[in-house]
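Here is a friendly walk through one protein model, written for someone who likes to know which side chains meet which. Have the sequence and the structure open side by side as you read.

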Amino acid sequence: LWIRSMIKLKKIISCICLSVFMIFAMAACTEYAPQQGDFELSVALTKTEFTQGEVMEYTVKLTRKSGPYFEFQGSSTLCSYYFEPIGKEPDFNTTDDIVTHKIPQNYQYEKSDRILTQYYQPGEYLFAIRFFMQNLRYDFEQVITITTK
């Protein structure tokens, strides 16, 4: 009788362990796919009209609003900018290297940079930012005017 109860207890424990293992295995197999609304892109410009020779400063920020931690593989270039005369289709450069990006729940990308307008002829330019993340794309466009001194 005692041996039968031990065998029964062993079977129960084995079933419980197997169930727990299967639950963890299924959870590991489900991969999170980020949604467009999980992030918010903002671009801050000091102004949109510049005299030739002024410095155009900008800050790009992508902030995580919701969603769990996830990883994805892609180009190390997450954010690209474009600054060319109006009339051309924006061409955003990325690198061909592949890296693993780890995106926590509190992810925030922030980069400040500047464009020296002294190297550009007077006229209207399209300033555009594109942020790539797995299957998501965030875009920003602003017309910038450069005038002579």
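The side chains of Asp139 and Arg137 come together in a salt bridge, with 2.9 Å from N to O; the term stands for a side-chain nitrogen of Lys or Arg within 4 Å of a carboxyl oxygen of Asp or Glu. Salt bridges with shared partners tie Arg130, Arg137 and Asp139 into one network. Asp139 counts as partly exposed because its relative accessibility is 39%, and Arg137 is partly exposed too, at 45%. The cut-offs here are under 20% relative accessible area for buried and over 50% for exposed, with partly exposed in between (1.4 Å probe, protein chains only).

Before going further, a word on the model: it is predicted, local features need pLDDT of at least 70, side-chain atom pairs count only at pLDDT 80 or more, and totals for chains, interfaces and linings use all residues. Residues are numbered from 1 along each chain as its sequence is written, and side-chain values use heavy atoms, with hydrogens and water left out.

**Arg130 and its surroundings**

Is Arg130, the third member of that network, buried or exposed? Arg130 is buried, because its relative accessible area is 17%. This arginine sits in strand β8; strands (E, at least two residues) and helices (H or I, at least four) are DSSP runs, numbered from the N terminus. The side chains of Arg130 and Asp139 are also joined by a polar contact of 2.6 Å. That term means a pair of N or O atoms within 3.5 Å; within protein, one must be able to donate a hydrogen and the other to accept it, and residues adjacent in sequence count only if both atoms are side-chain atoms.

Setting aside residues up to four places away in sequence, Arg130 touches Leu78, Cys79, Ser80, Phe92, Arg137, Tyr138 and Asp139. Contact here means heavy atoms within 4.5 Å.

Leu78, one of those partners, lies in the loop between β4 and β5. With a relative accessible area of 10%, Leu78 is buried. Its contacts beyond four places in sequence are Phe72, His101, Tyr107, Arg130, Phe131 and Phe132. Leu78 and Phe132 are 54 residues apart in sequence, yet their C-alpha atoms are 5.1 Å apart in space.

**Other charged pairs**

Side chains of opposite charge can pair when their charged atoms come close. A search of the whole structure turns up 6 salt bridges, and three of the pairs are set out here.

| Pair | Closest N to O distance |
|---|---|
| Asp139 and Arg137 | 2.9 Å |
| Glu84 and Lys88 | 3.8 Å |
| Lys61 and Glu110 | 3.9 Å |

The Lys61 and Glu110 pair links distant parts of the chain: Lys61 belongs to strand β3 and Glu110 to strand β7, 49 residues apart. Lys61 is partly exposed at 27% relative accessibility, and Glu110 is partly exposed at 48%. In the other pair, Glu84 is partly exposed at 30%, whereas Lys88 is exposed, with a relative accessible area of 51%.

**An open sheet**

Strands β3 and β7 also belong to an open sheet of 3 strands, in the order β1-β3-β7 with antiparallel pairing. Two strands pair if DSSP finds at least two bridges between them. Which strands form the edges? They are β1 and β7, each of which pairs on one side only. On average, neighbouring strands of this sheet are turned by 15° against each other, direction ignored; the axes behind such angles are lines fitted to C-alpha atoms, for helices over the stretch in contact, and angles run from 0 to 180 degrees between N-to-C directions. Strands β1 and β3 pair in the antiparallel sense over 7 bridges. Phe39 has Arg64 as its bridge partner in β3.

**The nonpolar core**

Phe39 also appears among the 27 residues of the largest nonpolar core, where Phe39, Leu62, Tyr107, Phe127, Phe131 and Met133 touch the most other members. Such a core is a set of buried Ala, Val, Leu, Ile, Met, Phe, Trp, Tyr and Cys residues joined through side-chain atoms within 4.5 Å. Elements giving two or more residues to this core include β1 (39–45), β3 (55–64), β7 (108–116) and β8 (123–133). Leu62, leaving aside neighbours within four places in sequence, is in contact with Phe39, Tyr107, Phe131 and Met133, among others.

**The whole chain**

Overall, the protein has 1 helix and 9 strands, running α-β-β-β-β-β-β-β-β-β from the N terminus. Of its 149 residues, 29% count as buried. Among contacts between residues at least 6 apart in sequence, 72% join residues at least 24 apart.
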